[in-house]
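Trainee: I should like to learn how to read a structure of this kind. May we go through it feature by feature?

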Amino acid sequence: MMAISRHAWSATLAAALLAGGATLVAETAEHDWPQFRGPNRDGVSTETGLLDAWPEGGPKELWRRPLGEGYSAIAVVGDRLYTMYAGEHDGEAVEFAAAFAAGSGEELWRTVVGKKKDTEFGNGPRSTPTVDGDTVYVLGSFGDFAALATADGEPRWRFKLTERFGSRVPHWGFSTSALVDGELLILEGGGPEGKSYAALDKRTGEVRWTFGDGPPEPGYNSPIRVEMNGEPRYVYVVGDKLNCIDDKGNEVWSHPWPRGETHAMPVFVPPNKIFASGAEGVGAMLVAVSENGGEATVEEVWKTRFMKNHFSSSVLHEGYIYGFDNATLKAISVADGETAWAKRGLGKGSLIYADGHLIVLSDRGKLLLLAATPEGYVEQGSVQALDGRCWTAPTLSRGRLYLRSQSEMVSYDLRG
Amino acid sequence: MIERKTTLVLTLLLAALPAAATTERQAGGMTAEEVIEKHVAARGGREAWAKIRSLKITGDFTAFSKVSPFTLHRKRAGDAVLYHLDHKLGDKLVVVGYDGETYWWDNRWFQEGAQAIKGADLAVVERDAEMTTPFFDYREKGHKVKLAGAVTIDGLETLALELERADGSRETWYLDPETYLEVARDSPASDFGRPAEQRTYYDDFRRVGEVVMPFFVESQWYTRDRVMAIAEVEINPEIDDELFRMPLPIGMGPLRALAGTFEVAVASRQQPGAPLEESQRRSTIVSLLGGGLLEERYATADGNQVVRTLSYDRYRKRYQLTQINDATTLLDVQRGDFDDQGRLVLTNLDTGTPLEMFGLTIHERCSIQDVTEQGFTLIRELSIDGGESWFEAEKSVYARSDDGG
């Protein structure tokens with residue numbers, strides 16, 4: 001692994017001097033989007049003050065730059081963006097982790113993580129960097145896991161999941177995104193013999209515990225962290241189970257899950273429900289969990305065939321779940337799973353929630369602002385933001401939206 | 001959820017009532033036939049559609065979230081509708097056709113070259129190829145239709161028609177109860193050959209000439225999403241039937257003229273320098289396996305039965321000839337390719353199947369040359385020195401039979 005600092009000092013200085021730079025760093029950490037699906041891994045932004053409607057032609061474009069292949073989403077901490085992409089290094093096709101100036105899109109550094117993976121539906125890394133303090137955790141398609149310094153991309157430690165946990169490289173490549181919780185780094189090890197899931201010491205990379213027997217090859221589902229009865233819980237789908245484990249690596253509960261590739265992350269419905277959805281004909285399920293004196297019971301509240309998240313996860317807002325039923329954007333009721341509205345034409349898009357809106361990116365690069373309401377599909381603005389296949393969900397931080405395709409990255413100002 | 005509940009309620013209602021009475025109640029007093037007539041009228045009517053002898057449709061096709069142009073042709077040929085769709089699925093070319101006999105595709109997700117479509121894929125393409133919805137001529141085709149009442153599709157109330165095709169397969173169509181145009185259809189699907197069920201949505205209906213058709217067709221199943229966005233429709237363009245013909249498998253195109261019935265003039269000898277013995281026979285070469293194999297069966301002048309095949313090995317990129325007769329029962333395999341003079345030259349020098357006789361190892365070389373629509377020439381040569389030298393053992397001149405066999 002090699003860190004490639006690109007004018008590191010000058011870039012950092014330049015970023016700080018940019019007009020927007022001071023604003024970017026001035027806002028607090030709560031406005032960061034430090035990992036896959038945002039601060040709480042739920043696709044929900046707490047930002048306010050966004051435009052309620054976009055002008056003709058869409059929101060103001062701040063910058064646009066080329067980017068190598070990959071579906072890795074964009075993490076934001078302070079005035080820096082972090083993502084992964086494929087490219088060439090010393091004549092080899094590789095996957096990079098990279099940092100960019102949020103204000104300009106200038107690349108600050110990039111570090112080779114591992115070999116590039118090519119697949120029939122798009123090449124490059126899938127996993128999204130997780131930023132914690134001065135460290136960014138990255139995972140390459142072939143299982144190269146590394147902790148890099150946010151300052152310059154220098155590796156602090158690294159290992160291969162395949163070697164440490166005995167896991168196999170899944171068909172689409174290692175795709176999950178690690179979760180930092182306190183001193184622990186939670187990730188799918190993907191290995192046999194009790195090494196399906198793992199917690200590492202986030203500072204050293206040493207294994208604290210492993211858990212579970214998963215399927216023969218790792219999945220594509222990243223864990224969420226929830227609190228039930230004040231206790232931390234990690235919830236995820238792997239193989240034929242919806243699993244919940246505690247921070248000691250003990251199973252709290254599990255529930256049967258239709259086998260298939262489940263990519264979409266579960267959604268926590270406070271105080272005690274979990275929504276999970278999968279494609280390949282699986283559909284969605286809402287379960288209610290009761291924990292009492294060390295005993296947990298799981299009850300299916302409802303199931304529906306009419307919300308089949310594929311690789312795009314759903315978001316929850318005021319009693320409704322908004323998400324893509326394969327290629328149809330829908331709002332369904334948390335109460336009974338019934339469809340409130342449905343809209344086709346956005347393909348296999350992705351979405352996040354912010355400030356009363358859904359920010360939706362179609363699979364062909366059309367960006368839309370919608371009212372987050374069960375009353376109906378209400379467009380409040382749109383722009384053709386990117387060309388080509390867009391399967392990566394938007395990122396929002398400090399009023400700025402960041403999008404990527406297989407060849408470009410772009411930033412918009414959503415505050416006007 | 002809504003769909004499931006509604007369907008369940010209706011199913012229970014249907015079960016409790018006599019069929020004919022049920023259909024009348026479900027459609028506000030209309031029978032299935034009346035609903036179908038309204039649907040046919042909404043699409044322009046049977047007469048208007050009957051005037052359409054061919055269609056050329058162009059636009060954009062989206063698969064795997066990638067957009068690329070498509071061109072679709074349909075042409076009536078008697079009761080059949082010939083079909084040709086040239087499009088891409090993601091990055092890969094897929095050409096689909098029906099030539100009146102065979103549904104075929106050249107699907108680069110599987111392999112290059114045309115193949116007959118089978119299994120779950122066939123059911124999908126058969127439906128895609130149709131000129132109109134199946135309700136236009138459902139009686140003539142032996143289909144059965146039943147009203148299934150009101151069903152909500154993505155928040156839109158629809159009128160459901162259950163169709164049982166003559167082959168027993170079932171699908172459900174959902175019509176707009178105001179316009180009687182189709183909203184959606186549930187039908188068999190295929191995901192890379194695995195049977196599935198797809199829902200196809202129809203939007204953006206426009207009048208083209210005297211008929212009405214959807215300009216936006218989207219199909220979803222499994223994790224797939226396919227969108228056909230039509231830009232232009234040309235009615236009754238001239239289309240050569242050749243467009244629809246199933247291409248021969250890879251490598252077999254140059255051998256197309258070898259199929260047929262021939263009068264064969266044979267000149268042969270047993271050893272070098274011996275006088276040529278002339279004979280005449282009749283031979284039919286049959287194209288099998290979708291054109292992937294040519295097979296010839298004939299009897300020699302001395303009564304031996306011979307079976308000969310010719311094919312192309314796409315993986316090793318070589319032609320392959322096999323021949324066997326009832327005298328030796330040795331299956332001889334020869335491999336080769338076209339030379340720079342346009343002759344297809346095959347030998348068994350490296351196939352391990354030479355004839356072992358009289359203490360000799362006898363290799364054979366076959367050359368197919370002078371190929372025209374009227375015939376071709378096959379020369380068989382033998383070698384007893386491992387291919388150092390060859391003598392012409394047989395020359396067969398194939399002349400296409402006037403009676404066509």
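Mentor: Let us begin with burial: a residue is buried if 20 or more other C-beta atoms lie within 10 Å of its own, with C-beta atoms placed from the backbone. Please bear in mind throughout that this is a predicted model.

Trainee: Which residues of helix α3 of chain B are buried?

Mentor: Helix α3(B) covers residues 32-42, and its buried residues are A32(B), V35(B), I36(B) and H39(B).

Trainee: Where do these residues lie around the axis of α3(B)?

Mentor: The general idea comes first. An α-helix has 3.6 residues a turn, so residues three or four places apart point the same way. In this case, the buried residues of α3(B) lie on the same side of the helix, because they cover an arc of only 100 degrees around its axis. Just after α3(B) comes G44(B), with a positive phi of about 115 degrees.

Trainee: How do strands β7 and β8 of chain B pair?

Mentor: Strand β7(B), residues 144-153, and strand β8(B), residues 156-164, are antiparallel and share nine bridges. In one of these pairings, K144(B) has E164(B) in β8(B) as its bridge partner.

Trainee: What lies between the two strands of this hairpin?

Mentor: Two residues stand between β7(B) and β8(B). In the turn, D154(B) has a positive phi of about 50 degrees.

Trainee: Which domains does the assignment give for chain B?

Mentor: It gives domain 1, spanning 2-244, and domain 2, spanning 253-400. The centres of these two domains of chain B, taken over C-alpha atoms, are 49 Å apart.

Trainee: What is the make-up of chain A in secondary structure?

Mentor: Chain A has three helices and 34 strands. Its radius of gyration is 20 Å, close to the 22 Å that the globule rule gives for 416 residues, so chain A is as compact as a globular protein of that length. The C-alpha trace of chain A spans about 55 × 50 × 40 Å along its principal axes. Of the 416 residues in chain A, 55% count as buried.

Trainee: How many residues does each chain bring to the contact between chains A and B?

Mentor: The size of an interface is often given as the accessible area lost when the parts come together. Here we count residues instead: 23 come from chain A and 17 from chain B. On the side of chain A that touches chain B, strand β27(A), residues 339-344, gives the most, with four residues. By class, that side of chain A has seven nonpolar, eight polar and eight charged residues.

Technical notes
Residues are numbered from 1 along each chain as its sequence is written. Chains are lettered from A and ligands numbered from 1 in the order in which they are written. This is a predicted model: local features need pLDDT of at least 70, side-chain atom pairs count only at pLDDT 80 or more; totals for chains, interfaces and linings use all residues. Two residues are in contact if their C-beta atoms, placed from the backbone, lie within 7 Å. Ala, Val, Leu, Ile, Met, Phe, Trp, Tyr, Cys and Pro count as nonpolar, Asp, Glu, Lys and Arg as charged, and the others, Gly among them, as polar. Two strands pair if DSSP finds at least two bridges between them. A residue is buried if 20 or more other C-beta atoms lie within 10 Å of its own, exposed if 12 or fewer, and partly exposed in between; C-beta atoms are placed from the backbone. The arc is that of the directions from the helix axis to the C-beta atoms. Domain bounds come from an automatic or database domain assignment. The radius of gyration is taken over C-alpha atoms; the globule rule is 2.2 Å times the number of residues to the power 0.38.
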